[in-house]
Amino acid sequence: MAIEQVLHMNGGEGETSYASNSTFQKKVILTAKHILEESIMRLYCDIFPNCLKVADLGCSSGPNALFVASNIINTIDAVSQNMSHETPMFQFFLNDLYGNDFNTTFKSLPDFYKRLEKEKGHKFSPCFFSGTPGSFYGRLFPNNSIHFFHSSYSLHWLSKTPEVLQDALEPLNKGAIYLTRTSPPAVHKAYHAQFQQDFTLFLRSRSFELLPGGAMVLTLIGRDELNELINAWVVIGMALNDMATEKLMEKKKLDSFNIPSYCPTCEEIRKVIEEEGSFDVQSLETITTDWVKTIDVIDDEDGDTRAEGVATFIRAVAEPILKSEFGEEIMDELFNRFKNKIIQLEGVEKLEVPNLVMHITKRI
């Protein structure tokens, strides 16, 4: 099945939905808020548009897409008031792949508009939202049509699993679904090459779509080569490997499946940006987050409760693509084992992720 059809978060508003389990991603957005505010403020003061056009790439479903929009509106409103300048109109384009649950976000728009009117008043300029389905590894908008692109926790997803891993006669990454400490160099090379290709296409597409002076703030999960960090995909792979050993699933399926995701280093990001040539890096920061302790739970001291919360959060992200490969019937068992792995690993391994946050501007 094509990646574009199954790569989406759990929809709806249920217990395992992304809308109900995206507070971690919200906290990551908050850690990068100072970069977002500075970049959008600088852009606005340079061009003073009558209508500020912003696209949120990989918006997913739930409250975070509107949370980003709210941050941008508040920043521009404050700047406009300080400068005695009329606040511009806003046009937000929410982008994700075709299988994304846009409706959950759109259903929350009436309440969003009510809050905006209450906070800003009737005289506040109009704000418009629309959906733009499609892959950001290609064109999404006309030339010179967007002022600002934002993307958080999306660009570590690849357009596809590296072909060399899919086409190999013998599985190259046996017993794992992602890059691990024991993955052969050929697996690392394949993932890195796919990332270079995809990120280059992303930058080239956005360079056409941005207006002169346009900018982007991008946040994605990175990698620190100096530290051995274990992310969620590695832990899921451990749980699947145990299940395959116990013959609860086919080992052949595990050996042939690789998650289409790559976490680059800062140096790898810079190199692609420099070689593509359309953008200047204004800032590139690494903000490390503990992806287990950051999850909200009722009792922070209760390791089992926290692990349960982490399993539900990861399930909201990972279940659709895993279900398409391994079947729905093993999902409960898989994420129960994932929870137990978290209990075993916490305090023993570094369960952290480096978040790479960059502000880049289009060259004129």
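# Close-ups: salt bridges, cores and loops

**View 1. Arg139, Arg206 and Glu209 sit together in a salt-bridge network.** A salt bridge here is a side-chain nitrogen of Lys or Arg within 4 Å of a carboxyl oxygen of Asp or Glu. Before going further: this is a predicted model, where local features need pLDDT of at least 70 and side-chain atom pairs count only at pLDDT 80 or more, while totals for chains, interfaces and linings use all residues. Residues are numbered from 1 along each chain as its sequence is written, and side-chain values use heavy atoms, with hydrogens and water left out. Within the network, the side chains of Glu209 and Arg139 pair up with N to O at 3.2 Å. The two come from distant parts of the chain, 70 residues apart: Glu209 belongs to helix α8 (residues 185-209), and Arg139 to the loop between β3 (127-133) and β4 (146-152). Helices (H or I, at least four residues) and strands (E, at least two) are DSSP runs, numbered from the N terminus. How accessible is Glu209? Glu209 is buried, at a relative accessible area of 0%, whereas its partner Arg139 is partly exposed at 41%. For these labels, buried means under 20% relative accessible area, exposed means over 50%, and partly exposed is in between (1.4 Å probe, protein chains only).

**View 2. Glu319 and Arg315 pair up along helix α12.** The closest N and O atoms of this salt bridge are 3.1 Å apart. Because Glu319 and Arg315 are four residues apart in α12 (residues 303-326), about one helical turn separates them. Glu319 is buried, with a relative accessible area of 7%, and Arg315 is buried too, at 15%. Side chains of opposite charge can pair when their charged atoms come close.

**View 3. Arg337 and Glu333 form a salt bridge in helix α13.** Here the closest N and O atoms are 2.6 Å apart. The residues are four apart in α13 (residues 331-345), so about one helical turn lies between them. Arg337 counts as buried at 16% relative accessibility, while Glu333 counts as partly exposed at 33%. How many salt bridges turn up when the whole structure is searched? The search finds 13.

**View 4. The largest nonpolar core takes in 72 residues.** A nonpolar core is a set of buried Ala, Val, Leu, Ile, Met, Phe, Trp, Tyr and Cys residues joined through side-chain atoms within 4.5 Å. Zoom in on Ile177, Phe199, Phe202, Ile236, Leu322 and Phe338, the residues with the most contacts inside this core. Helix α12 supplies the largest share of this core, ten residues. Another core, of 34 residues, lies apart from it and includes Leu36, Ile72, Phe102 and Val217. For the wider setting, the protein chain has 13 helices and seven strands, and 55% of its 364 residues are buried.

**View 5. Helices α3 and α4 pack at an angle of about 50°.** Helix α3 (residues 33-47) and helix α4 (residues 64-82) have their axes 10 Å apart. That makes α3 oblique to α4: angles under 35 degrees count as roughly parallel, over 145 as roughly antiparallel, 65 to 115 as roughly perpendicular and the rest as oblique. The axes are lines fitted to C-alpha atoms, for helices over the stretch in contact, and angles run from 0 to 180 degrees between N-to-C directions. The crossing of α3 past α4 is right-handed, meaning the near helix is turned clockwise from the far one by less than a right angle (anticlockwise would be left-handed). On the α3 side the contact (heavy atoms within 4.5 Å) involves Lys33, Leu36, Glu37, Ile40, Met41, Tyr44 and Cys45. On the α4 side it involves Val68, Asn71, Ile72, Thr75, Ile76, Val79 and Ser80.

**View 6. Asn144 and Lys247 have positive phi without being glycines.** Asn144, with phi of about 50°, is in the loop between β3 and β4. At 41% relative accessibility, Asn144 is partly exposed. Lys247 has phi near 60° and lies in the loop between α9 (232-245) and α10 (251-256). Lys247 is exposed, at 74% relative accessibility.

**View 7. Thr265 is a buried loop residue between α10 and α11.** Thr265 has 4% relative accessibility, and α11 covers residues 266-276. Which residues does Thr265 touch, leaving aside neighbours within four places in sequence? Its contacts are Arg223, Glu225 and Leu356. Across the protein chain, residues 24 or more positions apart account for 84% of the contacts with a separation of 6 or more.
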